[in-house]
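Work through the exercises below with the structure in view, and try each task before reading its solution.

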Amino acid sequence: MKLLEDRILSDGKVLPGGILKVDNFLNHQIDTALLYEMAQELHHLFGDEGVTKVLTIEASGIAIAAVTGYVFGCPLVFAKKSKTKNISDNVYSAQVESFTHGNTNTVLVSKDYLNSGDRVLIVDDFLATGAALVGLKSLCEQAGATVVGAGIAIEKVFQGGGDALRAQGLRVESLARIASMSDDSLVFC
């Protein structure tokens, strides 16, 4: 998606360690008009899949997933990274490693919000190693829900997660695909 690629080039920052900082428009300060265009593109790609739920992981994917749910006319469910007092024990759970945070979380979704009749579109802001998508896919499998695919804002292709998931049969559509990054450059596929 050229609009997103142009925004990454103009406002994104490449940090050491393979980090792309886009928090000034995508996942801290949010350009809602851009997110709406991205959600429209995801609808163009997955609109014929009968999506009944959009699923993401806490926290930076929530914004794009919420707008996507709005465009699809369905609820957004997000996997929580910690169990709070107001969450029952009636949950699906999976272990997810975070590339950016360098830790592992047990993510949770209430069994009330994900079920066998759901057709789920997983949406996230980044795809690097694929760990978040694997965890979210596991939650759907535990519920007996059908995963129709994954819509990603930015895929860091050089980290291999997208290719591995596609090889397993998951439809992954990324709006911007980065072939390589160094401390001073970024190349799109």
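The exercises that follow concern a predicted model, and each one is solved step by step.

**Exercise 1.** Find the order of the strands in the six-stranded open sheet, and explain why one side of each edge strand lacks a neighbour.

Solution. Begin with the order, which is β4-β3-β7-β8-β9-β10, with mixed pairing. Next look at the ends of this order, where β4 (76-79) and β10 each have a single partner strand, so that one side of each is left without a neighbour in the sheet. Finally, follow the turn of the sheet, whose twist averages 30 degrees from one strand to the next.

**Exercise 2.** Determine how β8 and β9 are joined, and which strands α3 touches on the sheet.

Solution. First, β8 and β9 run parallel and are joined by six bridges. Then turn to α3, which packs on the sheet and touches β7, β8 and β9, while its direction makes about 140 degrees with that of β8.

**Exercise 3.** Identify which element supplies the largest share of the largest nonpolar core.

Solution. Start with the core itself, which has 31 residues, and in which Leu20 and Met38 are among those with the most contacts. The largest share, six residues, comes from α3. As a closer look, Leu20 touches several residues that lie further than four places away in sequence, including Ile8, Phe126 and Ile178.

**Exercise 4.** Decide whether Gly117 is buried or exposed.

Solution. Locate Gly117 in the loop between β6 (103-110) and β7 (119-127). Because exposed means over 50% relative accessible area, Gly117, at 53%, counts as exposed.

Methods:
Residues numbered from 1 in each chain as written. Predicted model: local features only at pLDDT ≥ 70, side-chain atom pairs only at ≥ 80, totals over all residues. Heavy atoms only, no water. Helix = DSSP H or I, 4+ residues; strand = E, 2+ residues; numbered from the N terminus. Buried < 20%, exposed > 50% of the residue type's maximum accessible area, 1.4 Å probe, protein only. Core = buried A, V, L, I, M, F, W, Y, C linked by side-chain atoms within 4.5 Å. Contact = heavy atoms within 4.5 Å. Pairing = 2+ DSSP bridges. Axes fitted to C-alpha atoms, helices over the stretch in contact; angles between N-to-C directions.
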